[in-house]
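These exercises go through the pockets of a protein and its contacts with an RNA strand. Try each task before reading its solution.

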Amino acid sequence: MSEDKRRHFIEEAIEADLAAGRFDRVQTRFPPEPNGYLHIGHAKAFSIDFEMAAKYGGHCNLRFDDTNPTREETEYVDAIKEDIRWLGYDWDDRCFYASDYFEQLYRWAEQLVEAGRAYVCDLTPDEVREHRGTLTGPGRNSPYRDRPVAENLDLFRRMRAGEFPDGARTLRAKIDMAAPNLNMRDPVMYRILRAYHHRTRDEWCIYPTYDWAHGQSDSIERVTHSLCSLEFEDHRPLYEWFIRELGIFPSRQIEFARLNLTHTVMSKRRLRELVEGGYVAGWDDPRMPTLCGLRRRGYTPEAIRDFLKRVGVAKSDSVIDIALLEHCLREDLNRRATRVMAVLRPLKVVIENWPEDHIEELEAVNNPEDPAAGTRRVPFGRELYIEADDYREEPPPKYFRLAPGREVRLKHAYFIRCERAVRDEAGNVVELRCSYDPATRGGEAPAGRRVKGTLHWVSARHAVPFTVRLYDHLFVTPDPDEAPDGDWKTNLNPRSLERLEGCRAEAGLAQAAAGDRFQFLRHGYFCVDRDSRPGAPVFNRAVALRDTWAKVQAGRVG
RNA sequence: UGGGGCGUCGUCUAAUGGCAGGACCCAGGAUUUUGGAUCCUGGUGUGAAGGUUCGAAUCCUUCCGCCCCAGCCA
């Protein structure tokens, strides 16, 4: 109730604009550059864009910011669309490209030249930098700053016509080389660049810069609220300068803090380095914070959206504990995932007092959180597999599982007692000989009897073998930059992926399709990977169950 | 030494001059046919110092700390 009244600062700004009549509707946009895959930080951005539009009855456009042909490709356009849709957002027929506006942008540039507010500059990149001045000192005017309008116009047209080599000249806004805000020191609007553009092909040899293209694109689309991240705050005066000089629709830019997560990196540059350096298997490696990586890992769109909602919207730099993301996934999957018994490190168990070929079918609940999920039947026989970790020759204190002479419950089945362990020549335990109690069918404890431990198991004869990939944090430290040698890559977690073969699961899992998610009882949530083959499924662990026993043990060791 | 931002439990985030609350996390406990889930309890927080006020996280002053900006990237 009071929840509904809580507004973050962008909502307050939008409502104030509406109330003041600055705008009479809300239009936003998500402007990705098609030069890489979207990560969860982008998801925060576009969920704000789409949610704000939806909340105030407006629309959100998808607009590719494709002003730099040297690094943009169609491949990324498709991937970006897929990821946004996967999260549940839709731009209907409003998918645009900054390159759609190149002609209009060019005409507006001529207009600024004619108005004496832009000029063609012949300075080299090095000279431009030198003239720009420093953070504390003013810059110097370019010697070309006072070229007559006619000359500027002529030169600019010839730039477009391809008469000059790449980088030879630029078109610059004529603002103020002494401005304390560096962005106002005659920013470049156009550079000469002969590169194949993914949409306009080789139609252009001059390309607009971000500053020149972005605000004008917003204005063309009549975007009311142009929401972006904090580092563009310094650009807002320039954003507004162009719009004012042109006298076009006055979009309003509002900045918010981008999303950061512990135990991972979020910059495109670093993610690319991980991929190209072979530190991960690709952009969709389940350890990556990319949306395709999270999807492959087993994350649900619902969990991610819930996470984004909890993270909030503010202007202070923040780093969210990745545990919150994991919590959101567990909460979602706990409610929805079908439970199944799967043994990751099998240890054979022979029930000595169970008839040789007798098989009994026992009823198992599919999801205790959801009665509608129903039940299934699981076969029980003389030979089973349990988790190797569920047996200890010398059990530590508070160990509730199997040990010589101890009794436990096999989930949905019977109580069993460990009679003795069978060893191989090296002395390793390779098999447990146990007895079962017929009076405990279904796992029911006869009056007055209790067991502390309940184990999962599978029938050896019926189990399907599978492979599993256990994922952990990509970096061992919360902040990868906290490296003694200054290289964030030294904090890469050497155990971020553990691959296990020869796991055994209930037979039903053989039919699972890529993307299906399950809870492996007592282990965690797992997702079928696309690398699965018929009869040989591969599972990715999306997130482990909370494990208080593991915590107790870790505390004992540390 | 310039400009633009930001400082509330360990981490995020509320409060809009009137009891500093929630979530995650952590620590206990209850319960449990998942050491899961659920429930309960607890956890030295308003960067600092002054000022205004009956009353300040909130308003004023000064200071301190952190982030961003010197691409023809976005």
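**Exercise 1.** From which domains does the lining of the largest pocket draw at least three residues each?

*Solution.* The model is predicted, so local features need pLDDT of at least 70 and side-chain atom pairs pLDDT 80 or more, while totals for chains, interfaces and linings use all residues. Residues are numbered from 1 along each chain as written, chains are lettered from A and ligands numbered from 1 in the order written, and side-chain values use heavy atoms, without hydrogens and water.

Step 1. A pocket is an open set of points on a 1 Å grid over the protein atoms alone, where a 1.4 Å probe fits and protein lies on both sides within 12 Å along at least five of seven lines; lining residues have an atom within 4 Å of a point.

Step 2. The domains sought are domain 2 (268-338 + 466-557) and domain 3 (342-456), with bounds from an automatic or database domain assignment.

Step 3. The lining has 39 residues, and Arg522, His523, Leu545, Asp547 and Ala550 lie nearest the centre. Helix H14 (548-557) is one of the elements that supply at least two of the lining residues; H14 gives the most, with 6 residues. Helices (H or I, at least four residues) and strands (E, at least two) are DSSP runs numbered from the N terminus.

**Exercise 2.** Where does the second largest pocket lie with respect to the domains?

*Solution.* Step 1. The second largest pocket holds about 1,200 Å³ of space, a volume being the space filled by probe spheres set on grid points joined across faces, edges and corners. Among its 41 lining residues, His39, His42, Ser229, Glu231 and Arg258 are closest to the centre.

Step 2. Because domain 1 (25-256) and domain 2 (268-338 + 466-557) both give residues to the lining, this pocket lies between them.

**Exercise 3.** Which residues are closest to RNA strand B, and which element gives the most to the surface near RNA strand B?

*Solution.* Step 1. Of the 67 residues that surround RNA strand B, the closest are Glu12, Thr67, Gly442, Gln519 and Arg522; a residue is near a strand if one of its heavy atoms lies within 4 Å of it.

Step 2. Helix H13 (322-336) gives the most to this surface, with 4 residues.

Step 3. Two polar contacts (N or O atom pairs within 3.5 Å) can be listed. The side chain of arginine 546 has an N or O atom 3.2 Å from a phosphate oxygen of RNA strand B. Lysine 398 places a backbone N or O atom 2.8 Å from a base nitrogen of RNA strand B.

Methods: A polar contact is a pair of N or O atoms within 3.5 Å; within protein, one must be able to donate a hydrogen and the other to accept it, and residues adjacent in sequence count only if both atoms are side-chain atoms.
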